[in-house]
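I opened my notebook to keep a record of what I looked up in this structure, going one topic at a time.

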Amino acid sequence: MRSSKSRSRNKNNRNNNNRPSGNIVNRVFDSSGPEGKVRGTPQQIIDKYNQLARDAQLAGDRVATENFQQHAEHYMRLLSEAQREQEARREEQERQNRERQAERDRERAERQEREASRPAPAAEQPAPVAHDPSEAPQPDVMSMPETSDSSLVETPETQAPPKPRKPRAPRKPRVKPEAETPAQDGGDAPEAAE
């Protein structure tokens, strides 16, 4: 079982690590004020405490008015510090972006300068003349032995018309030899299964 000292030490360490971090402007806080808890973003808490201070002033309670104003002032400081940090981060980002853009512009100018100082080989040579394939030497065509038809590919138009066929004579029925006929005396011939 753990001792109560180590447990309390861990709780203290956890409380120290609960400093607000990240975007404080939009973070939701629980404020324990004199009238109970007030929950909301810093701007909402400021508005609530200012309203409570006006109500206390109308009621004639100067102590409660001052107390609510101090609570509102605390959150105003918290909010203004967060906004200053955001503005500083935004300005730093803009400065870095400007530096990057200036570096890109410098590199682009150097590249253009190098290209301008280097002689372009394509500019010195005359423009190529369009080549006409009909003026090029043509390959020799081999002569093929003359056949009845000089074309290379046979097409239906170049083929001779088909010869008319003689009409077929009707077939005669086939006569089975006697050895193949089944025995009529009911001998060895197998019967068909039904």
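**Core and helix packing**

I looked first at the largest nonpolar core, which has 15 residues, and I noted that Phe29, Ile45, Tyr49, Phe68 and Tyr75 touch the most other members. Helix H2 (42–59) and helix H3 (62–117) each give at least two residues to this core. I keep in mind throughout that this is a predicted model.

Next I checked how these two helices lie against each other, and I found that the axes of H2 and H3 come within 8 Å and cross at roughly 165 degrees. Because angles over 145 degrees count as roughly antiparallel, H2 is roughly antiparallel to H3. I also wrote down that the crossing in which H2 passes H3 is left-handed.

Which residues of H2 and H3 meet? On the H2 side I listed Pro42, Gln43, Ile45, Ile46, Tyr49, Asn50, Leu52, Ala53, Ala56 and Gln57, and on the H3 side Ala64, Thr65, Phe68, Gln69, His71, Ala72, Tyr75, Met76 and Leu79. Sorted by class, this contact of H2 with H3 holds 13 nonpolar and 6 polar residues, and no charged ones.

**Two residues I followed up**

I then picked Gln43, which lies in helix H2, and asked myself how exposed Gln43 is. The relative accessible area of Gln43 is 39%, so I entered this residue as partly exposed, since that class lies between the limits of 20% and 50%. Gln43 and Tyr75 are 32 residues apart along the chain, yet their C-alpha atoms are separated by 7.7 Å.

My other choice was Glu35, whose place is in the loop between strand E1 (29–33) and strand E2 (36–40). Is Glu35 buried or exposed? With a relative accessible area of 61%, Glu35 is exposed, because the cut-off for that word is over 50%. For Glu35 and Ala64, which are 29 residues apart along the chain, I noted a separation of 9.3 Å between the C-alpha atoms.

**The whole chain**

Stepping back, I counted 4 helices and 2 strands in the protein chain, and read along the sequence they follow the pattern α-β-β-α-α-α. Of the 194 residues in the protein chain, 11% are buried. Lastly, I looked at contacts with a separation of 6 or more, and 38% of these in the protein chain are between residues 24 or more positions apart.

How values were computed: Residues are numbered from 1 along each chain as its sequence is written. This is a predicted model: local features need pLDDT of at least 70, side-chain atom pairs count only at pLDDT 80 or more; totals for chains, interfaces and linings use all residues. Side-chain values use heavy atoms; hydrogens and water are left out. A nonpolar core is a set of buried Ala, Val, Leu, Ile, Met, Phe, Trp, Tyr and Cys residues joined through side-chain atoms within 4.5 Å. Buried means under 20% relative accessible area, exposed over 50%, partly exposed in between (1.4 Å probe, protein chains only). Axes are lines fitted to C-alpha atoms, for helices over the stretch in contact, and angles run from 0 to 180 degrees between N-to-C directions. Angles under 35 degrees count as roughly parallel, over 145 as roughly antiparallel, 65 to 115 as roughly perpendicular and the rest as oblique. A crossing is left-handed if the near helix is turned anticlockwise from the far one by less than a right angle, and right-handed if clockwise. Contact means heavy atoms within 4.5 Å. Ala, Val, Leu, Ile, Met, Phe, Trp, Tyr, Cys and Pro count as nonpolar, Asp, Glu, Lys and Arg as charged, and the others, Gly among them, as polar.
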